[in-house]
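Here are some exercises to work through with the model open beside you. Try each task first, then read the solution.

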Amino acid sequence: IIYEKDAHTPVPPASTTKIMTAILTLEHCNLTDTATVSHDAIFTVPLGYSHANLVEGEVLTIDQLLHVLLIPSANDAANVLAEHISGSISEFSKLMNEKVKELGCKNTHFVNPSGIHNEDHYSTAEDLSIMARYCMTNPTFREFVSMKTCTIPATNKSETRKYANTNDLLNSSSKR
């Protein structure tokens with residue numbers, strides 16, 4: 001560490017929460033497994049938050065859900081993955097909290113898989129760096145987070161969809 005400021009101050013982690021959702025998905029699922037989009041997975045995402053326009057009853061592979069979780073930062077995909085793995089968002093949050101403790105994070109507490117704002121949902125810069133370092137050891141995670149776009153083929157409920165990455169560092173047109 002060359003410089004740090006407020007590294008131990010708990011703040012809302014927002015969409016960086018999806019780092020933990022992705023790694024738990026990769027550790028608990030096969031990419032070819034399928035999950036069905038529930039009513040709650042869609043309609044518990046507040047207006048104004050990012051989503052992939054998933055459709056209730058739609059069946060997608062875990063690979064497809066991870067793509068839309070990590071590329072356009074879709075909150076509905078986070079909910080579908082949480083429900084698929086643990087049966088509910090609250091149970092998945094328990095799994096998330098167990099994992100961060102296992103990794104050595106000291107000031108993180110999750111209540112949802114997406115980072116939707118909640119007073120009891122927080123992390124620190126130090127803990128997020130621990131999570132990111134761990135996730136970057138997974139080659140599939142590294143591949144997904146480096147993609148600028150993805151295409152999800154037609155499903156049982158939707159036509160083909162294309163998504164762009166919301167990471168401005170990947171989408172910058174400036175030369176480095």
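**Exercise 1. In which helix is the place of K99?** Then work out how enclosed K99 is and what it touches.

Before the solution, some ground rules. This is a predicted model, so local features are used only at pLDDT of at least 70 and side-chain atom pairs only at pLDDT 80 or more, while totals for chains, interfaces and linings use all residues. Residues count from 1 along each chain as its sequence is written, and side-chain values use heavy atoms, with hydrogens and water left out.

*Solution.*
- Step 1: K99 sits in helix α5. Helices here are DSSP runs of H or I with at least four residues, strands are runs of E with at least two, and both are numbered from the N terminus.
- Step 2: K99 has 7% relative accessibility, so it counts as buried. The cut-offs are under 20% relative accessible area for buried, over 50% for exposed, and partly exposed in between, with a 1.4 Å probe and protein chains only.
- Step 3: Setting aside neighbours within four places in sequence, K99 is in contact with M20, L24, E27 and Y134. Contact means heavy atoms within 4.5 Å.

**Exercise 2. Which residues have the most contacts inside the largest nonpolar core?** Trace where the core comes from.

*Solution.*
- Step 1: Get the term straight: a nonpolar core is a set of buried Ala, Val, Leu, Ile, Met, Phe, Trp, Tyr and Cys residues joined through side-chain atoms within 4.5 Å.
- Step 2: The largest one has 43 residues, and M20, L54, L65, L66, L69 and M131 have the most contacts inside it. At least two core residues come from each of α1 (18–28), α2 (39–43), α3 (62–70), α4 (75–86), α5 (89–103), α6 (125–135), α7 (139–145) and β3.
- Step 3: Zoom in on L65. Beyond four places in sequence, L65 touches A35, L54, L60, A77, V80 and L81.
- Step 4: Look at the helix around it. Eight of the nine residues of α3 are buried, so α3 is largely enclosed by the rest of the structure. The buried ones are I62, Q64, L65, L66, H67, V68, L69 and L70.

**Exercise 3. Is F144 buried or exposed?** Find what it packs against.

*Solution.*
- Step 1: F144 belongs to helix α7 and is buried, at a relative accessible area of 2%.
- Step 2: Leaving out residues up to four places away in sequence, F144 touches D63, L66, H67, L70 and I71.
- Step 3: Take L70 from that list: F144 and L70 are 74 residues apart in sequence, yet their C-alpha atoms are 6.8 Å apart in space.

**Exercise 4. How many disulfides does the structure hold?** Check two cysteines.

*Solution.*
- Step 1: The count is zero, where a disulfide is a pair of cysteine sulfur atoms within 2.5 Å.
- Step 2: For C29, the closest cysteine sulfur is in C135, 15 Å away, too far for a bond. C29 is buried at 13% relative accessibility.
- Step 3: For C135, the closest cysteine sulfur is in C105, at 9.8 Å, again too far for a bond. C135 is buried too, with a relative accessible area of 0%.

**Exercise 5. What is the phi of S73, and what is it for A14?** Compare their surroundings.

*Solution.*
- Step 1: S73 has a positive phi of about 60 degrees without being a glycine. A14, also a residue other than glycine, has a phi near 50 degrees.
- Step 2: S73 is in the loop between α3 and α4, while A14 lies in the segment before α1.
- Step 3: S73 is buried at 9% relative accessible area, whereas A14 is partly exposed at 40%.
- Step 4: Not counting residues up to four places away in sequence, S73 touches S15, K18, S50, V68 and T166.

**Exercise 6. Which residues of strand β4 are on its covered face?** Then find its partner.

*Solution.*
- Step 1: In β4 (residues 161–164), R161 and Y163 make up the covered face, and K162 and A164 the uncovered one.
- Step 2: β4 runs antiparallel to β3 (residues 149–152), joined by four bridges; pairing takes at least two DSSP bridges.
- Step 3: Opposite Y163 stands C150.
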